[in-house]
Structure formats: C-alpha cells, structure tokens
Amino acid sequence: MQSLDPTLPLTLDNGLSFTPDSIHDQVIKYKFYKRSGYFKSVNSLNFNGKILPSTIEKNIGSIQQVIFEVTESCNFACSYCTYSKFYNNKPRGNKTFRFEDAKKILETILSKREKKKKDVLIVSFYGGEPLKNFSFIKQTVEYLKSYSSNQTTFRFNMTTNGLLLKRYIPFLVEHSFDISISLDGDEIANSFRKLKNHNPSFPIIHQIIDDIRKTYPVFFDKKVSFLSVMHNKNNPASAYRFFHNEYNKSTATSDINTQNIAEAYKQEFYDTFLADPVRDPAEKKTMKTLLLKHPKVKELSYMAEKYSGVLFEDYYQLMKNHSNGKATKSYIPTATCSPFSLRTYFTADGSILPCEHINRIFEIGTWAKGEMRIDITGIANQYNHYYQKIRKYCEQCYMAENCKECIFHTGIENEHPQCELFMNKHKFEQYLSGNFSTIENDYALFLRITDHAFKE
Ligand code: SF4
Ligand code: SF4
C-alpha cells in the first residue's frame with residue numbers, strides 16, 4: 001500500500017482505489033463503525049449464563065400460550081408435510097386429545113397462575129387438522145368461557161387447512177377465534193397442498209374462503225389471516241399479489257422446512273421444492289411495497305436495528321450499556337426461549353414440548369390422564385447441558401450478540417451440533433456489506449424502513 005497523502009488517490013494491494021474525497025468518506029464510515037462496536041473481538045461475550053430452576057418455576061406461573069395437538073390425523077396429504085417420506089419422522093398416528101385431559105391440564109396451569117392485572121392466556125388448537133376433532137375444541141372453549149375467574153381472559157386461535165371450516169365457522173365466529181389458513185398462493189403456488197385423494201386442494205379451499213368472506217365479512221377482515229410456505233412455485237411477491245388482489249390481505253410467509261430431511265430423499269426434495277424457483281422480476285419494487293413482510297427487508301431492518309448504532313426499537317435499547325469489548329454481562333448462548341416462557345405444546349400422545357416447531361425428542365415433560373409430570377431441575381440441567389455443548393461455536397460466532405437461532409434447530413442432540421446461522425468473520429463481512437450496499441444504493445428504501453417499518 002502506498003503512503004497516505006489525503007490529497008492523492010489511494011490504491012490498495014487488493015486493487016481497490018479511492019479518490020481523495022472518497023477517502024474522507026471511508027474514514028468517517030470507519031469511525032462510525034468503530035463507535036458502533038463492529039471491530040470488537042468476536043469472543044468478547046461472556047457465555048456463562050445459565051437457566052435456573054427458579055426461572056422455570058416462574059415461567060410456569062405465567063405461560064403465555066398453551067397449544068393442544070387436537071388430533072394427529074389430517075385430511076390433507078401435502079407433499080411437503082413433515083410426515084411425508086421427505087422427513088425423518090415417526091409415522092403419523094391417529095391419537096386425539098380428550099377434553100377431560102385438557103381440562104385437568106388447564107386447571108393445573110390456572111392454579112399456578114401468577115396474579116396480574118390484565119392476564120391473558122392464549123389457547124391454540126393445532127393438528128394434524130384440528131377441526132377433525134371439533135368436539136374437543138368446543139368443550140375446551142366452553143369450559144374456559146365458564147371458568148370462574150375474573151382474573152384471566154382467554155383468547156383462542158387455530159391453524160387450519162380450511163377444508164372443514166364451512167361446517168364449523170359459526171362456532172369460531174361466536175368465540176372470536178383468530179384463524180390462520182394455510183394457503184401458499186394461487187392454484188400453481190398451492191399445488192403441493194393436496195387432498196387425501198391427491199387432487200389439488202386449491203379450488204375447494206378457494207371456494208370455502210369466498211363463502212366465509214361473503215357470510216361473515218367483518219369477521220373475515222379482522223380475524224382471518226393466512227400462512228404460506230415458500231418454495232419454488234411461489235415467492236413473497238407472488239404471494240403478496242395473490243392475497244392482496246383476492247382478499248385485500250397479506251400472508252405470513254415461511255421457508256419450506258429444510259431440517260431433518262431423510263438422507264435417501266435429499267436430492268428429490270431439492271429437485272421437487274427448491275430447484276428452478278419462480279423469480280420476482282420487480283424485486284426492488286416489491287420490497288418497497290411489502291416492507292417488513294418481505295424477508296429481505298425484514299433482514300435489512302434487523303441489521304439496521306442491531307448494527308447501525310442509530311436505530312433503536314425502544315428507549316431501553318437506546319439506553320442499554322453496550323459492552324464495548326468488555327465481558328460485562330453473562331449471556332445464555334443462542335436465542336432459544338426460556339422453557340414455558342412463551343409457548344407450551346401438549347401433544348396428543350402425552351409429550352410436553354417447548355413449542356410445536358421442534359423435534360419431539362426434546363420433550364420437557366409428559367402428561368397422562370391429565371396429570372403433568374415436569375421435573376424442573378431436570379429441565380434446567382438438560383438446557384444447561386445443551387448450552388454448554390453449543391457454547392464453543394457461539395463463542396466464535398459473529399452473530400452471537402444478536403443470535404436468531406433456536407438451540408433445537410442445531411442438531412444439539414448429536415455429538416457435534418451444527419448451526420446453519422453460524423457466522424465466521426468472512427460470512428459476517430459479507431452479511432454486513434451486502435446489507436449496507438443495499439442501503440447505500442437505495443437510500444429511499446432505507447428511509448422508508450426507518451419511517452414506516454419501525455412503527456409497525
Ligand atoms: S423454535 Fe425454539 S425459540 Fe422458537 S418458540 Fe420453539 S423452542 Fe422457542
Ligand atoms: S447463530 Fe448459531 S453459532 Fe451463532 S450464536 Fe447463534 S446459535 Fe450460536
């Protein structure tokens with residue numbers, strides 16, 4: 001590298017050259033990044049944090065959401081179902097939840113409830129297809145509605161494929177359910193979602209949704225939402241257009257599950273669901289329209305919030321004392337939720353799990369005849385053992401302070417867990433420079449994000 005004279009252009013060994021003006025800009029940028037903590041050592045975080053049994057005990061007293069696997073069975077045969085040949089999973093069973101068991105479970109949970117002024121418990125019905133066991137849903141809702149407590153309010157929600165909605169919608173409207181219908185978009189986008197006889201589900205579900213919208217327009221507007229899996233037959237833009245044009249709504253998108261795929265079907269999985277994806281020809285325009293509903297904008301705003309040093313979600317984030325290279329706080333590795341703090345998933349076959357999105361081997365308790373068996377110390381030990389196992393990876397990870405990964409998605413049950421989101425220095429540089437380039441090249445988009453997205 002040549003000597004630094006601010007009046008001369010500068011050419012680095014790697015060929016990058018800078019005019020005197022741009023050197024000035026780069027120095028300002030460097031100072032800004034340094035101030036924002038970009039150059040602190042990767043292993044500056046202290047991962048000595050632990051989950052304590054007392055925390056778990058406290059969590060149980062304020063569970064936010066109880067999810068019942070109402071039935072294991074389903075009336076669809078989606079190609080990408082986690083019970084399809086593509087995933088390592090036990091065969092789908094036929095068990096159903098009995099109301100008497102759920103009643104006992106709920107009684108126990110409510111008896112331990114911490115006293116709060118405005119206490120809300122969300123009760124969710126999940127499947128299989130939950131409406132296949134409607135009598136369970138009806139009895140549980142009626143029981144909770146008559147529960148003699150003026151302390152806790154119950155809110156009900158359900159994720160459904162929609163096939164039985166028409167029959168049961170009056171009850172769901174009466175009890176103000178929030179309903180999420182799984183639909184991937186138009187007929188082609190939805191082609192992996194099949195009926196049991198392998199016919200396409202789209203025409204029939206589309207008709208059912210139209211009928212519900214016509215009969216219950218206010219309920220439809222306020223309480224019905226959509227969930228779409230993204231694969232090679234759709235993308236956020238096509239999904240946005242479909243739901244906007246058809247229903248004046250958007251949809252919550254999630255990528256197709258690429259975890260736990262059976263080795264023998266890996267190639268076929270890729271060829272079927274990921275090869276030759278439909279691209280969005282006007283992606284930038286879509287990003288501006290969708291804002292946080294677009295995965296790239298979501299990532300950009302996450303990065304801006306966590307790393308720009310100028311955007312704060314709330315006053316706490318603004319005032320938070322950054323460690324600036326000194327290990328001042330004990331972190332618990334990963335972004336895993338504390339057991340029982342958010343959700344608790346009760347499966348029809350007697351497991352208690354931290355949520356419905358993780359492998360069933362990670363149970364944190366069992367239930368039988370409505371009696372729960374939870375070993376709080378055992379759970380704390382198990383979590384802390386997992387944290388100890390992943391810690392060596394997190395200590396070397398540039399995303400550690402703002403991790404988004406759940407420990408149960410890292411193969412933590414294996415001798416050598418593997419985190420797909422692990423960022424070494426090179427990956428982190430690419431992540432930052434990719435996002436900063438988007439901002440530098442489209443400042444108007446960035447302003448839109450700061451102006452609108454952070455208010456959402
Ligand atoms: S995926 Fe992990 S972090 Fe998310 S709710 Fe489930 S257990 Fe918690
Ligand atoms: S992204 Fe993975 S490796 Fe990095 S801190 Fe999170 S869990 Fe650990």
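Let's start at ligand 1, where the surrounding residues are Thr 336, Cys 337, Leu 342, Arg 343, Pro 354, Cys 355, His 357, Ile 358, Cys 406 and Phe 408. Sorted by class, this shell holds seven nonpolar, two polar and one charged residues. Keep in mind as you look around that this is a predicted model.

Now turn to ligand 2. How many residues surround ligand 2? The shell has 13 residues, and the closest are Cys 394, Cys 397, Cys 403, Cys 419 and Leu 421. Here the classes come to 11 nonpolar, one polar and one charged residues.

Next, step back and take in the protein chain as a whole. The chain contains 15 helices and 12 strands. Its radius of gyration is 25 Å, close to the 23 Å that the globule rule gives for 456 residues, so the protein chain is as compact as a globular protein of that length. If you drew a box along the principal axes, the C-alpha atoms would fill roughly 80 × 50 × 50 Å. Of the 456 residues in the protein chain, 26% are buried. You can also ask how far apart along the sequence the contacting residues are. Among contacts in the protein chain with a separation of 6 or more, 71% are between residues 24 or more positions apart.

With that overview in mind, let's see how some of the helices meet. Two packed helices are described by the angle between their axes and the distance between the axes. Take helix 3 (residues 99-111) and helix 4 (residues 134-146): their axes come within 9 Å and cross at roughly 35 degrees. The crossing of helix 3 past helix 4 is right-handed. On the helix 3 side you will find Phe 99, Ala 102, Lys 103 and Leu 106, which meet Phe 136, Gln 139, Thr 140, Tyr 143 and Leu 144 of helix 4. By class, this contact has six nonpolar, two polar and one charged residues.

A second pair joins parts of the chain that are numbered quite differently: helix 2 (residues 53-60) and helix 13 (residues 376-394). At what angle do helix 2 and helix 13 pack? The angle is about 115 degrees, and the axes are 8 Å apart. Helix 2 also passes helix 13 in a right-handed crossing. Try finding Pro 53, Ile 56 and Glu 57 in helix 2, which meet Ile 376, Thr 377, Ile 379 and Ala 380 in helix 13. This contact is made up of five nonpolar, one polar and one charged residues.

Terms used: Residues are numbered from 1 along each chain as its sequence is written. Chains are lettered from A and ligands numbered from 1 in the order in which they are written. This is a predicted model: local features need pLDDT of at least 70, side-chain atom pairs count only at pLDDT 80 or more; totals for chains, interfaces and linings use all residues. A residue is near a molecule or strand if its C-beta atom, placed from the backbone, lies within 6 Å of it. Ala, Val, Leu, Ile, Met, Phe, Trp, Tyr, Cys and Pro count as nonpolar, Asp, Glu, Lys and Arg as charged, and the others, Gly among them, as polar. Helices (H or I, at least four residues) and strands (E, at least two) are DSSP runs, numbered from the N terminus. The radius of gyration is taken over C-alpha atoms; the globule rule is 2.2 Å times the number of residues to the power 0.38. A residue is buried if 20 or more other C-beta atoms lie within 10 Å of its own, exposed if 12 or fewer, and partly exposed in between; C-beta atoms are placed from the backbone. Two residues are in contact if their C-beta atoms, placed from the backbone, lie within 7 Å. Axes are lines fitted to C-alpha atoms, for helices over the stretch in contact, and angles run from 0 to 180 degrees between N-to-C directions. A crossing is left-handed if the near helix is turned anticlockwise from the far one by less than a right angle, and right-handed if clockwise.
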